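Please open the model in your viewer and keep the selection tool at hand. The tour moves from one selection to the next, and each stop says what to look for.

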Amino acid sequence: MSETQDILLVEPMGAHGLLLRLNRPEKRNALATDLLVRVADALDAAAADPAIRAVVITGADRFFAAGADIRELASRDTSGALGDSRPAIWTRIRGFSKPLIAAVEGWSLGAGNELIMCCDLVVAGESAKFGQPETNLGIIPGAGGTAILPRLVGRSRAMRMVLLGDPLSAVEALQAGLVAQVVDDGQALAVATDLAMRIAARAPLAMQQGKAMVRATFETHQSAHLLLERQAFSALFGTADKREGTTAFFEKRDPQWSGA
């Protein structure tokens with residue numbers, strides 16, 4: 001599965017991984033609607049491809065994504081904002097069922113920060129910055145910067161980021177739970193790729209169900225979540241991978257996962 005586009009580069013990573021590289025350097029990878037659609041389309045295709053088990057998304061050395069396209073925002077009034085197609089695109093991205101890892105160097109702002117919040121693991125270079133500066137433009141975040149961000153970093157940090165536009169450093173983002181790992185500058189993609197390969201070598205259905213159940217924490221009451229968790233747990237007992245995993249354990253060999 002290999003495809004190269006002007007604003008999004010799609011590259012295979014080994015037998016079971018995929019790399020998406022945001023590629024609007026002249027606009028600091030601002031997430032214009034056409035780029036956001038390309039990301040959603042690539043993830044939809046990866047979700048439908050049984051060979052793909054994990055995806056990494058990255059940007060450039062000095063910026064992951066600088067936010068939404070300001071020219072698009074400037075041309076819209078309230079009616080245009082309410083009729084915007086972007087919420088449906090964001091829903092597709094958040095709904096990606098397989099593990100999604102972000103490799104971040106430099107700035108991740110606005111919609112860029114909301115994109116990394118769609119990811120399951122975020123690896124950041126030590127100079128990376130994460131912010132929601134939309135109030136500098138007289139607006140607020142509109143794709144998770146007030147709905148999801150506080151659930152990840154807490155109320156006080158989210159208030160500073162949204163009301164003051166103050167960014168988090170990579171270390172602060174790690175401490176807050178927005179980032180999973182901080183590495184030397186220039187190493188985020190290599191480390192994220194290694195994580196993706198490790199995940200891709202594990203039982204695919206278990207990876208998808210594990211992701212779905214952890215993410216349900218933010219959307220489901222605990223008692224309902226426990227029921228969902230047990231149902232997902234039980235469903236995996238009927239899979240070929242569960243039989244292979246237990247058989248391999250007793251035979252003291254590495255399992256050969258089929259994703260079935």
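Begin by selecting residues 8–13 and residues 17–22, which are strand 2 and strand 3; the two run antiparallel and are joined by 6 bridges. Strands here are DSSP runs of E with at least two residues, helices are runs of H or I with at least four residues, and both are numbered from the N terminus. Two strands are said to pair if DSSP finds at least two bridges between them. Within this pair, look for Pro-12, which stands opposite Leu-18 in strand 3. Strand 2 and strand 3 form a hairpin with 3 residues between them, and Gly-14 in the turn has a positive phi of about 65 degrees.

Before going on, please note that this is a predicted model, in which local features need pLDDT of at least 70 and side-chain atom pairs count only at pLDDT 80 or more, while totals for chains, interfaces and linings use all residues. Residues are numbered from 1 along each chain as its sequence is written, and side-chain values use heavy atoms, with hydrogens and water left out.

**The open sheet**

Next, select strands 5, 7, 9 and 10, which make up an open sheet of 4 strands in the order 5-7-9-10, with mixed pairing. Strand 5 (63–65) and strand 10 (168–169) stand at the edges, and each has a single partner strand, so one side of each is left without a neighbour in the sheet. Strands of a sheet pair through backbone hydrogen bonds, either parallel or antiparallel. Now colour strand 7 (residues 107–109) and strand 9, which run parallel and are joined by 3 bridges. To find one of the paired positions, pick Trp-107, whose bridge partner in strand 9 is Lys-129.

**A buried acidic residue**

From strand 9 (129–131), follow the chain into the loop that leads to helix 6 (149–153), and select Glu-134 there. Is a salt bridge present or absent at Glu-134? Glu-134 is buried yet has no salt bridge, and the nearest side chain of opposite charge, Arg-86, is 8.7 Å away. Buried means under 20% relative accessible area, exposed means over 50%, and partly exposed lies in between (1.4 Å probe, protein chains only). In a salt bridge, a side-chain nitrogen of Lys or Arg is within 4 Å of a carboxyl oxygen of Asp or Glu. For charge, Lys and Arg count as positive and Asp and Glu as negative, whereas His and the chain ends are not counted. Leaving aside neighbours within four places in sequence, Glu-134 is in contact (heavy atoms within 4.5 Å) with residues including Gly-110, Ala-111 and Pro-141.

**Salt bridges**

Side chains of opposite charge can pair when their charged atoms come close. How many salt bridges does a search of the whole structure find? The search finds 8. For one of them, select Lys-211 and Asp-120, whose side chains meet at 2.9 Å, N to O. This pair links distant parts of the chain, 91 residues apart, with Lys-211 in helix 10 (residues 204–215) and Asp-120 in the loop between helix 5 (111–116) and strand 8 (121–125). Lys-211 counts as buried, at 10% relative accessibility, whereas Asp-120 counts as partly exposed, at 28%.

Then select Glu-244 and Arg-253, which form a salt bridge with their closest N and O atoms 2.7 Å apart. Glu-244 is buried, with a relative accessible area of 17%, while Arg-253 counts as partly exposed at 33%. Salt bridges that share partners also join Asp-41, Asp-44 and Arg-92 into one network.

With Glu-244 still shown, add Ala-203, which is 41 residues away along the chain, with 9.6 Å between the two C-alpha atoms. Ala-203 lies in the loop between helix 9 (188–200) and helix 10, and is buried at 10% relative accessible area. Apart from neighbours within four places in sequence, Ala-203 is in contact with Asp-241 and Trp-257.

**Helix 7 and its surroundings**

For the last stop, select helix 7 (residues 155–164) and find Met-159 within it. Met-159 is partly exposed, with a relative accessible area of 38%. Asp-166 and Arg-160 form a salt bridge, with the closest N and O atoms 2.6 Å apart; Asp-166 is partly exposed at 26%, and Arg-160 is partly exposed at 48%.
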